[in-house]
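Subject: Structure handover

Hello,

Here is the structure for you to take over. Please open it first, then read the notes below.

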Amino acid sequence: MDILEDLVGFNRRLCVELWRLLDGGSRTTAPRLIFPKYRSGELRISEQEARVLYCAIVDEQSRYTYSLETPTEEAYRFAGGNPDGRTESARSDMSLYDGGTKVVNIELKALNVPPDQIAKDIEKLVREKVVGNWFHVLKSMDGGTLATLFAKFRSSASLIDHSPSSSVTFSFC
């Protein structure tokens with residue numbers, strides 16, 4: 001099976017599991033995981049639940065091994081980084097390996113993040129010479145949510161001074 005097909009399947013399954021987590025439906029993947037609540041009683045939605053579920057899905061359904069907070073191969077210089085301007089390795093939220101070789105870097109995001117966070121993570125995905133996977137958890141949506149988010153992606157992509165060296169999938173849940 002092709003890695004991009006695998007990612008589409010993982011992302012689809014992750015969406016279903018997050019929806020089940022939200023509505024209290026039964027799950028075989030991480031059945032004890034819940035969304036915590038703030039003191040106000042409102043659910044806290046974050047990328048952490050997606051990370052736990054993604055790991056469980058890979059454990060159940062694939063031949064891949066994985067790592068978390070994986071150091072990048074390329075060096076980066078991000079705003080607020082080293083004061084002396086040196087470049088350093090960044091980290092991908094998660095990486096998948098096939099036979100010990102890294103084949104995918106995954107970035108997980110939640111909610112309505114600022115464009116600079118989008119730009120730095122897209123840069124990592126397109127420069128790392130392996131397939132990239134962006135998975136974004138949204139708490140709610142209306143008619144303008146995706147248009148606003150996609151505008152941030154367009155402006156973020158224009159800030160990246162590098163041609164893509166790999167394919168990137170984007171999923172929104």
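Buried means under 20% relative accessible area, exposed means over 50%, and partly exposed lies in between (1.4 Å probe, protein chains only). By that rule Ala-30 is buried, because its relative accessible area is 18%.

Some ground rules. This is a predicted model, in which local features need pLDDT of at least 70 and side-chain atom pairs count only at pLDDT 80 or more, while totals for chains, interfaces and linings use all residues. Residues are numbered from 1 along each chain as its sequence is written, and side-chain values use heavy atoms, with hydrogens and water left out. Helices (H or I, at least four residues) and strands (E, at least two) are DSSP runs, numbered from the N terminus. Contact means heavy atoms within 4.5 Å.

**Positive phi**

Ala-30 sits in the loop between H1 and H2. Its phi is near 50 degrees, a positive value in a residue other than glycine. Most residues other than glycine have a negative phi. Leu-111 also has a positive phi, near 70 degrees. Look for Leu-111 in the loop between E3 and H3. Leu-111 is partly exposed, with a relative accessible area of 35%. Then there is Lys-129, just after H3, with a positive phi of about 65 degrees.

**H1 and H2**

H1 covers residues 3-23. H2 covers residues 47-61. Their axes come within 10 Å and cross at roughly 125 degrees. Axes here are lines fitted to C-alpha atoms, for helices over the stretch in contact, and angles run from 0 to 180 degrees between N-to-C directions. That makes H1 oblique to H2. On this scale, under 35 degrees counts as roughly parallel, over 145 as roughly antiparallel, 65 to 115 as roughly perpendicular and the rest as oblique. The crossing of H1 and H2 is right-handed. A crossing is right-handed if the near helix is turned clockwise from the far one by less than a right angle, and left-handed if anticlockwise.

Which residues of H1 and H2 make the contact? On the H1 side they include Leu-7, Phe-10, Asn-11, Leu-14 and Leu-18. On the H2 side they include Ala-50, Leu-53, Tyr-54, Ile-57 and Val-58.

Asn-11 deserves a look. It lies in H1. Asn-11 is buried, with a relative accessible area of 3%. Leaving aside neighbours within four places in sequence, Asn-11 is in contact with Tyr-54, Asn-133, Phe-135, Thr-169 and Ser-171.

**Leu-108**

Leu-108 lies in strand E3. It is buried, at 0% relative accessible area. With neighbours within four places in sequence set aside, Leu-108 is in contact with Glu-47, Ala-50, Arg-51, Asp-93 and Phe-135. Leu-108 and Met-94 are 14 residues apart in sequence, and 8.3 Å apart in space, C-alpha to C-alpha.

**H3**

The 13 residues of H3 should span 18 Å at 1.5 Å a residue, and the end C-alpha atoms are 18 Å apart, which agrees. The expected span is 1.5 Å times one less than the number of residues in the helix. Buried residues of H3 include Ile-118, Ala-119, Ile-122 and Leu-125. The buried residues of H3 pack against E1 (65-76), E2 (88-98), E3 (101-110), E4, H4 and E5.

**H4**

H4 has 15 residues, 145-159. Its expected span is 21 Å and its end C-alpha atoms are 22 Å apart, which agrees. Thr-145, Leu-149, Lys-152, Phe-153 and Ser-156 are buried in H4. Seen down the axis of H4, the buried residues fall within an arc of 100 degrees, so they line one face of the helix. The arc is that of the directions from the helix axis to the C-beta atoms. Arg-154 and Ser-158 are exposed on the other side of H4.

What do the buried residues of H4 pack against? They pack against H3 (115-127), E4 (131-137) and E5 (168-172).

The axes of H3 and H4 come within 8 Å and cross at roughly 55 degrees. That makes H3 oblique to H4. Their crossing is right-handed. Pro-115, Ile-118, Ala-119 and Ile-122 in H3 meet residues of H4 including Leu-149, Phe-153 and Leu-159.

Ala-147 is in H4 too. At 49% relative accessibility, Ala-147 counts as partly exposed. Ala-147 and Ile-122 are 25 residues apart in sequence and 18 Å apart in space, C-alpha to C-alpha.

Best wishes
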